[in-house]
Amino acid sequence: MGKTKHTGPIKLDKRPKPALWAGLTPMGLGKIKPHHIRDTMKVAWDNKDNLPYAYRILTQGVCDGCALGVSGLYDQTLTGPHLCTTRLNVLRLNTAPAIEDKWFEDLEKLREMDSTELRKLGRIPYPLSRKKGENKFTRITWDEALNRIAEKIKNIDPKQLAFYLTARGITNEVYYTAAKTARFLGTNNIDNASRICHSPSKTALKRSLGIGASSCNYKDWIGTDVLVFWGSVAANNQPVSTKYMYAAKKAGTKIIMINPYREPAMEKYWIPSIAESALFGTKIVDDVYQVNIGGDIAFMNGVIKHWFEMEEKSLGSAIDYEFVNAHTNGFHELKEHMKTQDWESLEQSSGLTKERMYEFAELLAKSKSGIFIWSMGLTQHRFATDNISQVANLAMLRGFIGREHCGVMPIRGHSGVQGSGEMGADPFVLPGSDFDEENANRMEKIWGFDVPRWQGDTVGQTFENIFLPDDHERKVKLLFTSGGNFLETMPDPKFFKEALENVELRVHQDIILNTSTLVDAKEDVIVLPAMTRYEQPGGGTSTSTERMVYFSPEIDGPRIEEARSEWEIYVDLASRVFPEKKHLLNFQSAQEIRDEIAIANRNYDGIQHLKNKGDVFQWGGAWLLEGGICPTPDGKGNLLSIEIPERRKTEGQFYVTSRRGKQFNSMVYSDIDPFTAADRYAIFINAEDAAKLNIREGESIVSYNQFGTYQGTAKFEDVRSGNIAVFWPEGNVLLPKGVYEKYSQIPEYNTAVIVEKAETFHAHKDTKYVEKRVEELEMSIE
């Protein structure tokens with residue numbers, strides 16, 4: 001851990017710099033771009049019944065959108081106010097009134113609505129129950145709801161109980177209490193949204209560098225020589241970050257995007273809070289490397305291979321030997337491995353030429369500092385851990401570790417997720433530690449009860465276990481979810497619907513209804529109304545991407561009368577299952593939870609002192625690995641030799657990945673993507689690929705494989721040839737279930753498909769043509 005402390009926000013350089021302008025048209029009139037002023041006015045109108053409360057949330061609370069860590073309107077990176085449309089879009093979740101009683105009387109009417117329409121109904125007002133086959137929800141008391149759940153837990157094996165927590169504004173206090181409750185009840189089946197998105201990041205960084213979080217800060221972006229966004233579209237998913245990019249460009253930083261699709265949001269952006277950018281826009285990326293989907297390992301192997309070839313000509317021209325010799329293992333093995341990599345394979349897999357790989361290799365070699373930022377474009381693959389270890393290889397070989405303007409950063413898309421695993425809400429960890437015998441013993445001493453030693457299941461495995469025989473000890477019979485909508489976030493929605501229907505008792509602890517809440521269960525569906533983070537008595541904390549732990553105070557305002565703080569629900573439930581032991585899990589306040597977190601997770605010593613608006617501390621110092629020292633057994637990082645994954649496909653076959661539009665997680669806020677004007681069922685395809693298939697733009701096309709069929713319209717965009725992109729979650733029907741990354745157990749979110757004109761597909765639908773093509777696809781793509 002580093003000793004240097006973060007020095008706080010710096011002043012933004014707002015002096016005009018025409019060289020960065022996106023154009024001369026004032027405010028980008030006539031261009032396809034977000035309309036921030038119009039969107040802000042719409043949000044104000046949507047919140048008109050609670051505007052004073054909405055204003056207090058924005059100015060006093062910690063953002064419940066992305067994990068940049070904006071507290072009130074300020075952060076630790078740049079001075080001045082920060083506000084983005086992502087935060088404004090989720091504002092209504094906090095200010096909405098209760099759902100009117102009439103809506104619970106007719107389930108079929110609710111089922112006619114999509115999640116957007118359900119969200120607009122308002123907040124869940126009181127506990128609800130619906131037995132299988134009933135066409136309405138019945139209001140029940142808290143006592144009845146929790147007693148029913150507790151009775152079910154008492155009558156099943158702990159291995160048949162599973163918990164899941166989403167990223168919906170959940171605080172560290174809630175994650176910690178849920179993690180403790182699960183073990184108190186005897187189960188290790190607890191998972192969270194963060195693990196589904198970024199578990200390969202943690203797994204890879206642990207094995208390569210010994211850390212499980214970002215090694216640097218957002219402030220390090222400003223002034224680094226090169227800033228690389230890898231499979232991450234921060235401008236769309238974390239809009240405030242565009243201010244950091246603007247500041248970085250002003251400081252001379254080169255920004256690089258590596259992505260199969262040239263995302264318009266990263267090319268040009270009109271930053272509304274900066275006058276110059278609001279008027280003329282800002283050119284963000286300096287160059288784009290359009291890799292194939294799944295071609296990142298080959299690309300990075302090509303870069304490293306170039307470095308070794310550069311070293312043969314001029315020692316020290318590409319590799320930081322001082323850092324490598326002092327702080328890494330595996331250098332010579334990596335050098336030998338690169339000799340086995342042939343350029344033809346690297347070009348074919350990556351989709352980039354040897355020359356383009358050299359350009360990137362030379363750029364990094366000439367840079368004295370650099371930061372690598374990545375997101376789900378690297379993590380949601382069956383070889384994701386290897387992807388991230390390759391990024392760590394690049395950073396170590398150049399010595400971009402443990403100092404200012406350098407580092408590796410898995411950027412988080414939601415404000416609560418960084419803390420979820422650090423609080424122990426994960427089948428592979430306990431608070432602040434890996435799940436091993438030493439740490440289990442340590443937590444038993446802190447908690448005062450036994451910690452089960454068996455390996456818990458991930459959420460994907462949990463859903464598969466629902467279909468085990470009735471007498472199987474791991475057949476999941478009670479699923480307790482805090483937020484989340486598996487119908488719209490996981491691969492193969494049909495399977496997940498069937499699983500939801502086959503679990504005996506399902507508990508949805510949430511603030512709003514969604515489509516998964518309306519699915520039957522074998523016995524009962526119980527819905528519990530939760531408070532938001534701004535309503536949590538005693539306030540709450542969340543951890544940002546850069547390891548800043550922020551305090552968000554309880555904010556005065558209207559309340560949903562029967563909604564309860566989520567940590568209080570867990571405590572109450574635990575006391576009903578084991579009343580004789582309830583003194584071992586008996587938090588009376590959020591402050592008590594923070595006091596215990598400081599002991600349970602030693603990195604969080606300091607959280608107990610956060611009490612007021614604006615309070616914040618950063619665990620681990622400004623830079624993890626400061627001075628190149630890694631928290632590994634020998635204090636060194638591990639350079640790993642990574643093989644390129646096999647990618648084979650034939651004519652008419654494509655790799656497909658998903659992308660986000662105007663949405664927050666699976667909550668869609670517009671049917672039209674403001675950066676492309678595409679609707680939600682557009683299929684982004686390269687024009688040359690389309691021409692080979694005689695597909696015209698706007699034409700109805702079908703992409704299909706052995707998992708599903710997805711019909712949309714052709715949208716010609718600058719996508720790497722041989723690849724297509726679809727919107728998530730609409731395109732999830734094409735994704736396989738039960739395919740997990742071998743190290744971190746993350747689901748695979750990329751697959752191969754056949755693309756055809758809709759008329760061709762439907763003309764042969766009832767013949768063996770489609771089946772034959774799918775068989776060819778299965779044979780040709782591993």
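Q: Why is His405 called buried?
A: Buried means under 20% relative accessible area, while exposed means over 50% and partly exposed covers what is in between (with a 1.4 Å probe, protein chains only). His405 has a relative accessible area of 18%, so it goes in the buried group.

Q: Before going on, what kind of model is this, and how are its residues numbered?
A: It's a predicted model, where local features need pLDDT of at least 70 and side-chain atom pairs count only at pLDDT 80 or more, though totals for chains, interfaces and linings use all residues. Residues are numbered from 1 along each chain as its sequence is written, and side-chain values use heavy atoms, with hydrogens and water left out.

Q: What stands out about the phi of His405, and where does this residue lie?
A: Its phi is near 65 degrees, which is a positive value in a residue other than glycine. You'll find His405 in the loop between helix 20 (384–398) and strand 12 (407–410). Those helices and strands are DSSP runs numbered from the N terminus: H or I with at least four residues for a helix, E with at least two for a strand.

Q: What makes Asp492 buried?
A: Its relative accessible area is 18%, and that puts it under the 20% limit, so buried is the right word. Asp492 also has a positive phi, near 55 degrees, and it isn't a glycine. It sits in the loop between strand 15 (478–482) and helix 24 (493–502).

Q: How do you know that Asn188 is buried?
A: Just look at the value: 0% relative accessibility, so Asn188 counts as buried. Its place is the loop between helix 8 (172–184) and strand 4 (190–192).

Q: What makes the link between Asn188 and Pro452 a polar contact?
A: A polar contact is a pair of N or O atoms within 3.5 Å; within protein, one must be able to donate a hydrogen and the other to accept it, and residues adjacent in sequence count only if both atoms are side-chain atoms. The side chain of Asn188 reaches the backbone oxygen of Pro452 at 2.9 Å, so the pair fits within the 3.5 Å limit.

Q: Which residues does Asn188 contact, leaving aside its neighbours within four places in sequence?
A: Contact means heavy atoms within 4.5 Å. The partners of Asn188 include Pro427, Phe435, Pro452 and Trp454.

Q: Why is Asn750 called buried, and which side chains does it make polar contacts with?
A: Asn750 has 10% relative accessibility, so it counts as buried. Its side chain makes a polar contact with the side chain of Thr657 at 2.7 Å and another with the side chain of His381 at 3.4 Å. Asn750 is in the loop between strand 28 and strand 29.

Q: What else is in the loop between strand 28 (723–727) and strand 29 (751–757)?
A: Pro729 lies there. The peptide bond leading into it from Trp728 is cis, with omega near 15 degrees.

Q: What makes helix 14 and helix 18 roughly perpendicular?
A: Angles of 65 to 115 degrees count as roughly perpendicular, under 35 as roughly parallel, over 145 as roughly antiparallel, and the rest as oblique. Helix 14 (residues 296–313) and helix 18 (residues 354–366) pack at about 65 degrees, with their axes 8 Å apart. That makes the two helices roughly perpendicular. The axes here are lines fitted to C-alpha atoms over the stretch in contact, and angles run from 0 to 180 degrees between N-to-C directions.

Q: Which classes of residue make up the contact of helix 14 with helix 18?
A: There are eleven nonpolar, two polar and one charged. Here Ala, Val, Leu, Ile, Met, Phe, Trp, Tyr, Cys and Pro are nonpolar, Asp, Glu, Lys and Arg are charged, and the others, Gly among them, are polar. Among those meeting in this contact are Phe299 and Trp307 in helix 14 and Tyr358 and Leu364 in helix 18.

Q: Why do helix 8 and helix 26 count as roughly perpendicular?
A: Their axes come within 10 Å and cross at roughly 70 degrees. So helix 8 is roughly perpendicular to helix 26. By class, this contact has five nonpolar, two polar and four charged residues.

Q: How do you know that Leu205 is buried?
A: At 1% relative accessibility, Leu205 counts as buried. It lies in helix 9 (residues 193–209), and it touches Trp374, Ile388 and Val408, among others.
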